[in-house]
Amino acid sequence: MGIASEKEWAERAAAFLKHKIREGEITYEELAKRLKKHGFKTESEASIANKLARGTFTATFFLACLAALELDGVALEEI
């Protein structure tokens, strides 16, 4: 793995989440409901779609999505 730019990391993180959401057959609406259980009370289907489209979101959002998607043992190589 070469040295990635910040933009490349953002794109990879967003692509990873989108892939895992599709793979789990989870809608953005369902993810928003799950995120509420992890303390993200203001997330909506639209806000999730916007964050993933832009590729800009906080590390806490990323980690909460991993928890909400019940992903354990994610390897950096997967991202």
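Which residues have the most contacts inside the largest nonpolar core? The legends below start there and then move outwards through this predicted model.

**View 1. The largest nonpolar core, 19 residues in all.** The residues with the most contacts inside this core are Leu17, Leu31, Leu35, Ile48, Phe61 and Phe62. Helix 1 (6–23), helix 2, helix 3 and helix 4 each chip in at least two residues. Helix 4 gives the most, with six residues.

**View 2. Helix 2 against helix 4 (residues 59–68).** The two helices pack at an angle of about 100 degrees, and their axes sit 9 Å apart. Angles of 65 to 115 degrees count as roughly perpendicular, so helix 2 is roughly perpendicular to helix 4. On the helix 2 side, look for Leu31, Arg34 and Leu35; on the helix 4 side, they meet Phe61, Ala64, Cys65 and Ala68. Sorted by class, this contact has six nonpolar residues, one charged residue and no polar ones.

**View 3. Leu35 and its sequence-distant partners.** Skip the neighbours within four places in sequence, and Leu35 is in contact with Phe40, Glu43, Ile48, Phe61, Ala64, Cys65 and Ala68. Leu35 is also one of the residues with the most contacts inside the largest nonpolar core. Among its partners, Glu43 gets a view of its own next.

**View 4. Glu43, a loop residue between helix 2 (28–36) and helix 3 (45–54).** Is this glutamate, Glu43, buried or exposed? Glu43 counts as buried, because its relative accessibility is 7% and the cut-off for buried is under 20%. Its side chain makes a polar contact of 2.6 Å with the side chain of Ser47. With the neighbours within four places in sequence set aside, the contacts of Glu43 are Ala32, Leu35, Lys36, Ile48, Lys51 and Phe61.

**View 5. Gly55, in the loop between helix 3 and helix 4.** Gly55 has a relative accessibility of 9%, so this glycine counts as buried too. Which residues does Gly55 touch once its neighbours within four places in sequence are left aside? The contacts are with Ala10 and Ala14. To place Gly55 relative to Trp9, go from C-alpha to C-alpha: the two are 9.0 Å apart in space, with their positions 46 residues apart in sequence numbering.

Terms used. Residues numbered from 1 in each chain as written. Predicted model: local features only at pLDDT ≥ 70, side-chain atom pairs only at ≥ 80, totals over all residues. Heavy atoms only, no water. Helix = DSSP H or I, 4+ residues; strand = E, 2+ residues; numbered from the N terminus. Buried < 20%, exposed > 50% of the residue type's maximum accessible area, 1.4 Å probe, protein only. Polar contact = N/O pair within 3.5 Å; in protein donor to acceptor, adjacent residues only side chain to side chain. Contact = heavy atoms within 4.5 Å. Axes fitted to C-alpha atoms, helices over the stretch in contact; angles between N-to-C directions. Parallel < 35°, antiparallel > 145°, perpendicular 65-115°, else oblique. Nonpolar A, V, L, I, M, F, W, Y, C, P; charged D, E, K, R; others polar. Core = buried A, V, L, I, M, F, W, Y, C linked by side-chain atoms within 4.5 Å.
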